[in-house]
Amino acid sequence: MQQKTEYFTRFPNDYIQGNIKSKYGISRKFYITYILIDKYRSYEDYSWITIRKVLDFYGYKTHRNKPKAFKEILDVLEYMINNKMIEVQQDLDSLGYDTGIEIKIISENFDACKDFSKITSSQFDFIMLNESSINRENILVAFLYINSYIFIRQRDDNGNELSSKPQEKPEAFFRSIDSMSQELSMSKDTINQCIQCLTSSIGDKEPLLIKKEVGSVQPDPKKPPKNVPNIYVLNKKGYEQEIEWAIAKMLEIYNVDSFGEIKGGNK
């Protein structure tokens with residue numbers, strides 16, 4: 001039997017590489033709204049969603065007094081309409097929790113053609129399964145961010161790489177948690193908890209990311225060694241090679257022959 005091709009959403013990196021509130025004036029509800037619109041789209045580029053379906057992602061209990069998130073979702077839809085990503089004929093102010101919203105997707109503006117990363121249906125389902133104290137939105141944001149910086153080399157239809165020097169572009173993330181915290185305006189503690197979720201199994205589901213602690217460098221002999229960022233790769237076939245290439249690239253970046261021992265907790 002031929003294996004079914006897995007569904008995925010092409011998510012525009014520009015909306016995740018930075019603070020979406022300060023860059024675009026909209027809440028992080030954009031992420032799940034965008035993914036669900038794409039998930040339920042038809043071949044004719046129509047999509048049907050409800051506000052309840054978006055709220056379900058967060059586990060909100062709906063009642064007569066609508067939560068703040070309800071208005072944030074409406075603001076996201078209005079942003080998409082104003083930026084000609086979608087068309088909605090209904091009056092947004094008339095929508096209830098279970099009103100079917102008919103959305104016409106304007107593909108030339110909604111679909112990311114460059115500078116995007118993919119989130120697959122199985123990756124999204126993994127995040128939905130998480131029942132930790134960290135909310136799903138934070139975990140989704142952390143995954144989208146890390147994934148957006150993992151370079152994916154081009155391959156042909158048979159999966160063969162087109163790059164003659166794949167080691168020059170390892171499919172790995174090795175930015176610091178400090179820079180990630182600043183870009184997303186999230187605390188380092190929250191980010192580390194999200195990464196713990198993404199690098200841990202859930203039942204029989206394998207983790208989405210593989211983590212590799214690297215070591216330390218001491219550029220100034222008068223100062224104590226500093227840990228270099230961890231390496232994170234997608235949990236897929238060949239990830240061991242990607243980690244090796246990423247370590248080699250980091251040695252080149254830090255201009256050292258090897259890394260020292262990890263000092264304390266590596267963050």
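**Rings and helices: a short tour**

Hi everyone. Let me start with one residue: Phe124 is buried, because its relative accessible area is 7%, and the cut-off for buried is under 20%. Please keep in mind that this is a predicted model. We will come back to Phe124 in a moment.

First, the aromatic rings. How many aromatic pairs does a search of the whole structure find? The count is 19. Let's look at Tyr34 and Phe110, a stacked pair with 4.2 Å from centre to centre and 10° between the planes. This pair links distant parts of the chain, since Tyr34 belongs to helix α2 (residues 29-39) and Phe110 to helix α5 (residues 107-110), 76 residues apart. Are these rings buried or exposed? Tyr34 has a relative accessible area of 1%, so Tyr34 is buried. Phe110 has 2%, so Phe110 is buried too.

Now back to Phe124, which pairs with Phe57. Why do we call this pair stacked? The ring centres of Phe57 and Phe124 are 6.1 Å apart and the planes are at 15°, and stacked pairs have planes under 30 degrees apart. Here, too, distant parts of the chain are linked: Phe57 sits in helix α3 (residues 51-58) and Phe124 in helix α6 (residues 121-129), with their positions 67 residues apart. Phe57 has a relative accessible area of 2%, so Phe57 is buried.

Some rings gather in a group. One aromatic cluster is formed by Phe11, Tyr15, Tyr24, Phe30, Tyr31, Tyr34, Tyr79 and Phe110. You will recognise Tyr34 and Phe110 from the stacked pair.

Rings can also have a lysine over them. Lys118 lies over the face of Phe8, 4.3 Å from the ring centre. Lys66 lies over the face of Tyr97, and there the distance to the ring centre is 5.8 Å.

Last stop: helix packing. Two packed helices are described by the angle and the distance between their axes. For α6 and helix α7 (residues 136-148), the axes come within 9 Å and cross at roughly 145°. Is this crossing left-handed or right-handed? The crossing of α6 and α7 is right-handed. Which residues meet there? From α6 we have Gln123, Ile127 and Met128, and from α7 Arg136, Ile139, Leu140 and Phe143. Sorted by class, this contact has five nonpolar residues, one polar and one charged.

That's my tour. Thanks for listening!

Note on methods:
Residues are numbered from 1 along each chain as its sequence is written. This is a predicted model: local features need pLDDT of at least 70, side-chain atom pairs count only at pLDDT 80 or more; totals for chains, interfaces and linings use all residues. Side-chain values use heavy atoms; hydrogens and water are left out. Rings of Phe, Tyr and Trp (its six-membered ring) pair if their centres lie within 6.5 Å; planes under 30 degrees apart count as stacked, over 60 as edge-to-face and the rest as tilted. Helices (H or I, at least four residues) and strands (E, at least two) are DSSP runs, numbered from the N terminus. Buried means under 20% relative accessible area, exposed over 50%, partly exposed in between (1.4 Å probe, protein chains only). A charge sits over a ring if NZ of Lys or CZ of Arg is within 6 Å of the ring centre and within 35 degrees of the ring normal. Axes are lines fitted to C-alpha atoms, for helices over the stretch in contact, and angles run from 0 to 180 degrees between N-to-C directions. A crossing is left-handed if the near helix is turned anticlockwise from the far one by less than a right angle, and right-handed if clockwise. Contact means heavy atoms within 4.5 Å. Ala, Val, Leu, Ile, Met, Phe, Trp, Tyr, Cys and Pro count as nonpolar, Asp, Glu, Lys and Arg as charged, and the others, Gly among them, as polar.
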